[in-house]
Amino acid sequence: MEQRRMSLRLIDNPVDRLARTIEALLVIAPAALSVEELAAATEDEPERVETALGLLASRYREGRSGIVLEQVAGGYAFRAAREAAEACARLVERPVQRGLSQAALETLAIVAYLGPVSRPEIARIRGVAADSAVAGLVERGLIAEAGRDKEGGAIRYETTPLFERVFGLAGLSELPRLDDLAEDDEGLRRRLEEVAGSRGA
Amino acid sequence: MLPVSAVAELPLDLDAFEGPFDLLLTLVLKEELELADVEIVEIVLTFLDERGEDLEVDGEFLVLVASLLELKARGLFPEEEEVPFEDLDPDDAAGELAELLAQYRRFRTAAGWLEDKLDAESDRFFRLGPAPLAPVPERPLAPQQPESLAAALRALAAEPPAPSLRHITLTFPPVSLFLERFRAVLRRRGRFVFDKEVERLTRVEQAVAFLALLELRKAGEIAIGQAAPFEEITVWNNAA
């Protein structure tokens, strides 16, 4: 009798019920859902939503479930467990991430770091026209138009939530700092001068 | 100077060449290569092949080639010798080029990081929705009343009023009426003038009367005479 009352109370635990509702929302969502979106849909407090998400994260994790709750693209989403990847690969294609060229990856990096950024700006950094790379990335849904340049009126682009999701980023802040990627600027400069001078030396 | 084909023969994957900066950076970072050996004409030709419509890129490219030329020119002089263009800051062009290359290299490194990240995520599968979430604005229906629905249906189901035929004024008297009348007139007088006989009738009645006349003529009961077209029609008893 005591046992029965216990389990009844568990099922009726409001946070548990909230977790079940969030579970349902995550299943039907086509993209990652932010805490705010979940709070609005459940008409509940963001703090309680986060508690419920913690509950779900412990249930849906690698090794325990075929479905994994992940924090990605500024929100939460379900994905397949990594151990199921081979079976998943036999079932579905991944056209968004397949065959990204060097030009596309460079353009994507520039948009991710500098976005919103226009095509002329991208071209200036890469030294070649960026039109086809930009068009390809837009088609894949990895970048999208984000207004126009105030001066020249050129269309500017920024990365989409899909970009973050495809690359498994919780947000753009997870990208390595540009300065860290540029540790050897002085070395490059020295090397340039060295190469230039070596002929005469 | 190496021949033009020298750049193509360098251990570089020129298919994967991604613009002058990419090529330059690769060349410069190759320790064994001397900048003086870089065929500028090759870089210019490749750029012209890939050239888009962007004037700004063209401008940047000119700066790049100019910087390259200056670097090469400086390389031709022995280090201890004074370079002949004292008015210019000799570090400017080289510094600018180094800056451009450094910036490009940061993003090339970032692109490499993204590529590695994508490889690391190759076993991450998730479902892609067809469309971004768009909360549908709620449109609550007004409370429904069966009576008003019934009233609306009743209004639709009502028998429509019979169409009025009042605008149709043509009424045809029977031909037999005129048959009897003309026979009676001929019995009394033996002959009559048709126009006078029907002059007070309506046009429709006159037409029916003429039909009756033709009937009598066909039956041989009467004879009909007319002096000329549109003259009076005279009718007399055929027997007379």
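1. Two strands pair if DSSP finds at least two bridges between them. Helices (H or I, at least four residues) and strands (E, at least two) are DSSP runs, numbered from the N terminus. In chain B, β1 and β3 (residues 233–237) pair in the antiparallel sense over three bridges, and B:F192 stands opposite B:V235 in β3(B).

2. This is a predicted model, in which local features need pLDDT of at least 70 and side-chain atom pairs count only at pLDDT 80 or more, while totals for chains, interfaces and linings use all residues. Residues are numbered from 1 along each chain as its sequence is written, and chains are lettered from A and ligands numbered from 1 in the order in which they are written.

3. Chain B has nine helices and three strands. Read from the N terminus, its elements run α-α-α-α-α-α-α-β-α-α-β-β.

4. The three strands of chain B make an open antiparallel sheet in the order β1-β3-β2. β1 (191–193) and β2 (222–226) of chain B each have a single partner strand, so one side of each is left without a neighbour in the sheet.

5. The largest nonpolar core (buried Ala, Val, Leu, Ile, Met, Phe, Trp, Tyr and Cys residues joined through C-beta atoms within 7 Å; buried means 20 or more other C-beta atoms within 10 Å of the residue's own, with C-beta atoms placed from the backbone) has 56 residues, of which A:I22, A:L108 and A:A109 touch the most other members. Helix α5 (residues 90–120) of chain B gives the most to this core, with nine residues. Another core, of 11 residues, lies apart from it and includes B:F178 and B:L186.

Definitions and conventions
Buried ≥ 20, exposed ≤ 12 C-beta atoms within 10 Å, placed from the backbone.
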